[in-house]
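Please examine the sequence and the model displayed below before reading on. The explanation is meant to be followed with the structure in view.

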Amino acid sequence: MKSIMRAKANLYPNCGELIEHDMHTDYNFEHQAAIFYINTNNGYTKLKDGTKIESIANRVLIFKGNDLHCSTTCTDQQARININFNYFYQFISAKQSLRWQPLIEVMRHAISASKRTTISQ
């Protein structure tokens, strides 16, 4: 992995039926994506060729993020939880990385703010 563009957590609550979301790409340029499945459930990730990858805890799916794919909800757990990473695998030049500097600064700010914030229950 050379450069992470985005890392986000997904939480799909159990809504009583298995819903397959619309096919999409993460970005419209060549890059890699990785989905890390937090919990095991009957949801899945569907790839453009119709392959369904089951949500099994501690599994990682790596694929081209600019290829069509979709997610689902689940019905056998309270929620389906995964973490999605989008990244460049090959080296990018310093000039190309400048394009991502605003995003990097936003991420740094969010991480810094989250360290100062406490959540009480």
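The paragraphs below treat confidence, the nonpolar core, selected residues, salt bridges and cysteines in turn.

The model is predicted, and its confidence should be considered before its details. The mean pLDDT of the protein is 83, and 72% of its residues reach 70 or more. Over residues 117-121, pLDDT stays under 50, and the model has zero contacts for them beyond four places in sequence. Where pLDDT is low, the predicted coordinates should not be read in detail.

The interior offers a starting point. In soluble globular proteins, nonpolar side chains tend to be buried together. Here the largest nonpolar core has seven residues, namely A33, I35, Y37, L47, I53, L61 and F63. Two or more residues of this core come from each of β2 and β5, the latter spanning residues 60-64. The element that gives the most is β2, with three residues.

One member of the core, A33, shows how these parts of the chain meet. Leaving out residues up to four places away in sequence, A33 touches D26, L61, I62, F63, G65, F85, N86 and Y87. Two of these partners, L61 and F63, belong to the core as well.

F85, another partner of A33, is placed in strand β7, which comprises residues 79-88. Is F85 buried, partly exposed or exposed? Its relative accessibility is 27%, and F85 therefore counts as partly exposed. Beyond its neighbours within four places in sequence, F85 is in contact with R6, A7, Q32, A33, A34 and F36. F85 also lies 8.9 Å from A9, C-alpha to C-alpha, although 76 residues separate the two in sequence.

A polar residue in a loop gives a further view of the fold. N39 is located between β2 (32-37) and β3 (44-47). With a relative accessibility of 16%, N39 counts as buried because the limit for that class is under 20%. Which groups does the side chain of N39 reach? A polar atom of this side chain lies 2.7 Å from the backbone oxygen of A79, and the side chain reaches the backbone nitrogen of I81 at 3.0 Å. The wider surroundings of N39, again without residues up to four places away in sequence, consist of S55, I56, A57, Q77, A79, R80 and I81.

Charged side chains supply another set of links. Side chains of opposite charge can pair when their charged atoms come close. How many salt bridges does a search of the whole structure find? The search finds three.

One of them joins D26 and R6, whose side chains meet at 3.8 Å, N to O. This pair links distant parts of the chain, with D26 in the loop between β1 (3-13) and β2, R6 in strand β1, and their positions 20 residues apart. D26 counts as buried at 15% relative accessibility, whereas R6 counts as partly exposed at 23%. Both residues have already appeared in this account: D26 among the contacts of A33, and R6 among those of F85.

Another salt bridge is formed by K46 and E20, with their closest N and O atoms 3.3 Å apart. K46 lies in strand β3 and E20 in the loop between β1 and β2, so this pair ties together parts that are 26 residues apart in sequence. E20 counts as partly exposed, at 34% relative accessibility.

A further salt bridge connects D67 with K48, where the closest N and O atoms are 3.6 Å apart. Because D67 is in the loop between β5 and β6 (69-70) and K48 in the loop between β3 and β4 (52-54), the pair ties together parts that are 19 residues apart in sequence. D67 is partly exposed, with a relative accessible area of 23%, while K48 is exposed, with a relative accessible area of 55%.

The cysteines remain to be considered. A disulfide is a covalent bond between the sulfur atoms of two cysteines. The count of disulfides in this model is zero. C15 is in no disulfide, and the nearest cysteine sulfur, that of C74, is 8.6 Å away. Since the cut-off is 2.5 Å between sulfur atoms, a separation of 8.6 Å does not qualify. The surroundings of the two residues can also be set out: C15 is partly exposed, with a relative accessible area of 44%, whereas C74 is buried, with a relative accessible area of 0%.

Methods
Residues numbered from 1 in each chain as written. Predicted model: local features only at pLDDT ≥ 70, side-chain atom pairs only at ≥ 80, totals over all residues. Heavy atoms only, no water. pLDDT = per-residue confidence, 0-100. Contact = heavy atoms within 4.5 Å. Helix = DSSP H or I, 4+ residues; strand = E, 2+ residues; numbered from the N terminus. Buried < 20%, exposed > 50% of the residue type's maximum accessible area, 1.4 Å probe, protein only. Polar contact = N/O pair within 3.5 Å; in protein donor to acceptor, adjacent residues only side chain to side chain. Core = buried A, V, L, I, M, F, W, Y, C linked by side-chain atoms within 4.5 Å. Salt bridge = Lys/Arg side-chain N within 4 Å of Asp/Glu carboxyl O.
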